Amino acid sequence: MKFAAVTQQLAGLGSDKWTLHNAAQKRIAAGEKVINLTIGEPDVATPDALIEAACEAMRAGRTGYSNGQGEARLLAALSERYTERLGRPIGPERFMCLPGTQTALYLVLHTLCEAGTEVIIGDPMYATYEGLSRSSGAAPVPVTLRPENGFKIQASDIEAAVTPRTRVIFLNTPHNPTGAILQPEDLAAIGEVAKKHDLWILSDEVYGDLTHDHRAFTSALADPAYEERTIAAASISKSHAAPGFRSGWITGPAHFIERALPLSETMLFGSQPFIADMTAQAVAEPPILAREMAARMANRARIVRDTLDNQANLHVSLPEAGMFALIDIRAISMDSLDFALKLLETANVAVMPGASFGAALEGWLRLALNASDADTIEACTRIRAFAEEQST
């Protein structure tokens, strides 16, 4: 029996990235007390008010087929939100609603890319980005994000990677796994590269409301000089503690939405209306939940730093946003998966190996900041003890 070539192109780019997480889940299912710091789940349950909004919509009969682009109420709410945040009109015709950021990114790349094209992506990168690019036929071209630059992608490095096959510059700000936030000057320099070489900019901004210590977030859409070539994706998964509802969107030029809509409708014909109603309520409100969550996670990042930085040959990179901290273990091991598996086996602490996020993060660990303060302290204490053992 024959399979499509894409299945081979994606071999090793799916669940293999999550070997450590899956191993931790098996231990937990077997009754072991594992401190699991692998996945970027919110640290609170979905708010009752949002669940009730979805329930009310279902009881009101909002369970039928939806508009392929998105429900009118949600498109209007997104338009109001982005118009307010960007300071200029962003009409509802510039949005499309999809089940989560992952689906949104998939749609964008399949709309813009094909076999023989290339996508420039910062390395390290979120674990699915390589697979997303390859699924469209495009070759991902990694550009190293260096610690000395705060893990921020450099416009000069992007330009050095541009070829006649380049189609998209794929950004992630705030960044997973590093927590770096691109500043307006960074985005302007990247925009100039895109303009010079007639490239698209795709920006995953799902952590935009989760900045630490009141840092400002700037969307790649902020500068109108580049809005005709820029598409941003986001969702309520992180900001509103609603990952299981799978509700996201893309924002881009109206002509892009027109071209992408028929492709979207070959996968699904609209999202669930009752989830759209819930999402409309969520995006219309101030991001209070996200700010509270970000404050807790910033505090836990400081706990990680204070417990582990410059201890037992470990070093901590403090994030500017998001749900993760990075631990540099290069002085101990350049095999992050082996280190993480041994940590799980001997200390019952699960963290993600940096290698899951690209070659540039080999010799690092990603630690989620969604456990309680007490569990974070205990996990760090165990990590330090394990690292001391490995250093002797």
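How much space lies in the second largest pocket? About 430 Å³. The model on screen is predicted, and the tour starts at this pocket.

**Second largest pocket**

Select G40, Y126, Y207, K238 and R246, which are the closest to the pocket centre among the 21 residues that line it. Then add helix α5 (residues 101-112), which supplies three residues, the largest share of the lining of the second largest pocket. Colour the lining of the second largest pocket by residue class to see nine nonpolar, seven polar and five charged residues.

**Largest pocket**

Move on to the largest pocket, with a volume of about 600 Å³. Select R85, G208, D209, T211 and F217: of the 25 lining residues, these lie nearest the centre of the largest pocket. Next show α4 (72-86), β7 (230-235) and α11 (288-308), each of which gives the lining of the largest pocket at least two residues. The largest share there, four residues, is from α4. By class, the lining of the largest pocket holds ten nonpolar, eight polar and seven charged residues.

**Aromatic pairs**

Now display the aromatic side chains; eight aromatic pairs are counted. Select W18 and Y126, a tilted pair with 6.3 Å centre to centre and 55° between the planes. W18 is in the loop between α1 (5-9) and α2 (19-29), and Y126 is in the loop between β3 (118-123) and α6 (129-135), so this pair ties together parts 108 residues apart in sequence. Is W18 buried or exposed? W18 has a relative accessible area of 16% and is therefore buried, the cut-off being under 20%. Y126, at 23% relative accessibility, counts as partly exposed.

The second pair to select is W200 and F256, also described as tilted, at 5.8 Å centre to centre and 55° between the planes. W200 belongs to strand β6 (residues 200-204) and F256 to helix α9 (residues 254-267), so that distant parts of the chain, 56 residues apart, are linked by the pair. W200 counts as buried at 18% relative accessibility, and F256 counts as buried at 2%.

Return to W18 and Y126 and add Y129 and F170: these four residues form one aromatic cluster. Y126 thus appears at two stops, as a member of this cluster and as one of the residues closest to the centre of the second largest pocket.

**Last stop**

Finish by selecting R366 and F324. Where does the charged end of R366 sit? The charged end of R366 is over the ring of F324, 3.6 Å from the ring centre.

Key:
Residues are numbered from 1 along each chain as its sequence is written. This is a predicted model: local features need pLDDT of at least 70, side-chain atom pairs count only at pLDDT 80 or more; totals for chains, interfaces and linings use all residues. Side-chain values use heavy atoms; hydrogens and water are left out. On a 1 Å grid over the protein atoms alone, a cavity is a set of points where a 1.4 Å probe fits but cannot get out, and a pocket is an open set with protein on both sides within 12 Å along at least five of seven lines; lining residues have an atom within 4 Å of a point. Grid points are joined across faces, edges and corners, and a volume is the space filled by probe spheres set on the points. Ala, Val, Leu, Ile, Met, Phe, Trp, Tyr, Cys and Pro count as nonpolar, Asp, Glu, Lys and Arg as charged, and the others, Gly among them, as polar. Rings of Phe, Tyr and Trp (its six-membered ring) pair if their centres lie within 6.5 Å; planes under 30 degrees apart count as stacked, over 60 as edge-to-face and the rest as tilted. Buried means under 20% relative accessible area, exposed over 50%, partly exposed in between (1.4 Å probe, protein chains only). A charge sits over a ring if NZ of Lys or CZ of Arg is within 6 Å of the ring centre and within 35 degrees of the ring normal.
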